[in-house]
Every structure is written in structure tokens, then in C-alpha cells.
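Trainee: I would like to go through the labels attached to this structure and understand how each one is reached. Could we take them in turn?

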Amino acid sequence: MNDYLIFGASGLTGNHFLEKVKEAGASYHLFVRNNFVDEKDTNQTIFNLDNIRELPLSKNLVICLGYPLTFKELVKMDKKTKLSFKEVDYDLVVRIAKKAKDIGIDNIGIVSAVGSNKNSFNYYLNTKAKMEEQILELGFKKTIFVRPGHLLGPRDASRTDNWVKLIESLGKIYGPLLVGPLKKYRNIEAREVAKELFHAVNNDNYSSNHIVEVNEG
């Protein structure tokens, strides 16, 4: 049995989470879109939206998946983008979780989004909240949702437009002014999100369902 079954290890947060797992000397298996060159074949399985192979039994399932969106699309998506986004961030995540529950995986940790709300008019936040709701209905022994703000870290050039640069620049100036309940909306390094997720999944005091609003400082 693996300690961790990880989806999304090639992404900003998932990659840092994998680093934490390795630092702890824990066992793991990755489900990836493309093979990791520096990983053993026995530690990874290729999957796609239409073909998720049988999951290996593990203590914890961690999902760091997310459809790549521009800042403009976070605010408002066209119909085609909505379908693609939902296919990954809702349909795929829920499908993976159901398969994990069916084989007896007890604990699940998922990267969601700050401000997720099923009553929101924003499609992104609405969909994230509905995903959380479906996961909770599966009844894992422990369910962790980490809700970060804008993630900081190296991105592909195609995902770093002028809006992203502006948000990150403004975050440096005005982030410290976001205090109290607004602190969770600060920009945050992906490695810090991974650290909080790793801690939450491994915290014995978290025995049921928990929302982790991550922030720095």
C-alpha cells in the first residue's frame, strides 16, 4: 500500500507536494498525463480524461488538478471554456474520488479555491463549490479542501499574461493590507499551499471534514 496517490504532480502545487512526500521518505504513486523522466515506471501511471486505470490502494488520495485558465477566464468563461473547465475541475475530480472511495482509500486532500461558493454567479467559484459538495457526499474518513488565493510560482509563458503580472505586482503592494478575514485572499506561493496540504492530510487532529484557508505571513 502506498502512503500517497497523487494526481496533478506536474502542476505548481502538486510538484511541491511531491517534494514534501519525498522529503518525508513516504511511498507514493503518481497518475500523470506524461511520464516523469526522473521517476520509476513502477511509481507512475499514464491517464487521460477518458481512461483512468485501476487505482492502487493507498492511505491518502491527493488531487491537485486544474484546467489552465487565463485571468480573464477566471472572471468570465465562454461556453467552450466552461465545458473544458468543468470536465477537469468537477467531472474528473469527482470521478477519481469515487474510484478511490470504492477501493477503500480513507483520506482525500484536494486543492480548491478561495471564495468557492455554490451560490456565486462566478462559474469558476460556483463549480469549485459544487465539486466540494460532491466530494463530501462520498463520506471519506478525512476530507481536506485547501483553498488558496492566486498561486505564485513559475508558470508557462502562455499562462502569464499582463493581467497575471498586474495581480502579482499589486499583491506585493496591497497584500499586507489584507488582514483578518481578508487575509485568505492574498497571493500565495504554491510551495506554501503544498506545505499546508501535506500538514493537513497528516494531522491526526483532522478526523473528518476540514477547509484550510491558506495564507502567508
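Trainee: What makes Lys20 partly exposed?

Mentor: Keeping in mind that this is a predicted model, the relative accessible area of Lys20 is 25%, and because partly exposed covers what lies between under 20% for buried and over 50% for exposed, Lys20 is called partly exposed.

Trainee: Why is Glu23 called exposed?

Mentor: Glu23 has a relative accessible area of 61%, and since exposed means over 50%, the label follows for Glu23.

Trainee: What makes Lys20 and Glu23 a salt bridge?

Mentor: Their closest N and O atoms are 3.7 Å apart, and the rule asks for a side-chain nitrogen of Lys or Arg within 4 Å of a carboxyl oxygen of Asp or Glu, so the pair qualifies. Both residues lie in helix H1 (residues 12-23), three residues apart, which is about one turn of the helix.

Trainee: How do you know that Lys22 forms a salt bridge with Glu39?

Mentor: The closest N and O atoms of Lys22 and Glu39 are 2.7 Å apart, which satisfies the 4 Å limit. Lys22 is in helix H1 whereas Glu39 is in the loop between S2 and S3, so this salt bridge ties together parts 17 residues apart in sequence. Glu39, at 8% relative accessible area, is buried, while Lys22, at 39%, is partly exposed.

Trainee: Which salt bridge links Asp3 to a distant part of the chain, and why is Asp3 called buried?

Mentor: Asp3 pairs with Lys59, with the closest N and O atoms 3.3 Å apart; Asp3 is in strand S1 (residues 2-7) and Lys59 in strand S4, 56 residues away. The relative accessibility of Asp3 is 19%, and because buried means under 20%, Asp3 counts as buried, whereas Lys59, at 42%, counts as partly exposed.

Trainee: Why is the aromatic pair of Phe31 and Phe47 called tilted?

Mentor: By the rule for ring pairs the count comes to eight aromatic pairs. In the pair of Phe31 and Phe47 the centres are 6.3 Å apart, which meets the limit of 6.5 Å, and the planes make an angle of 50 degrees; because under 30 degrees would be stacked and over 60 edge-to-face, the pair is tilted. Phe31 is buried at 1% relative accessible area, and Phe47 is also buried, at 3%.

Methods: Residues are numbered from 1 along each chain as its sequence is written. This is a predicted model: local features need pLDDT of at least 70, side-chain atom pairs count only at pLDDT 80 or more; totals for chains, interfaces and linings use all residues. Side-chain values use heavy atoms; hydrogens and water are left out. Rings of Phe, Tyr and Trp (its six-membered ring) pair if their centres lie within 6.5 Å; planes under 30 degrees apart count as stacked, over 60 as edge-to-face and the rest as tilted. Buried means under 20% relative accessible area, exposed over 50%, partly exposed in between (1.4 Å probe, protein chains only). Helices (H or I, at least four residues) and strands (E, at least two) are DSSP runs, numbered from the N terminus.
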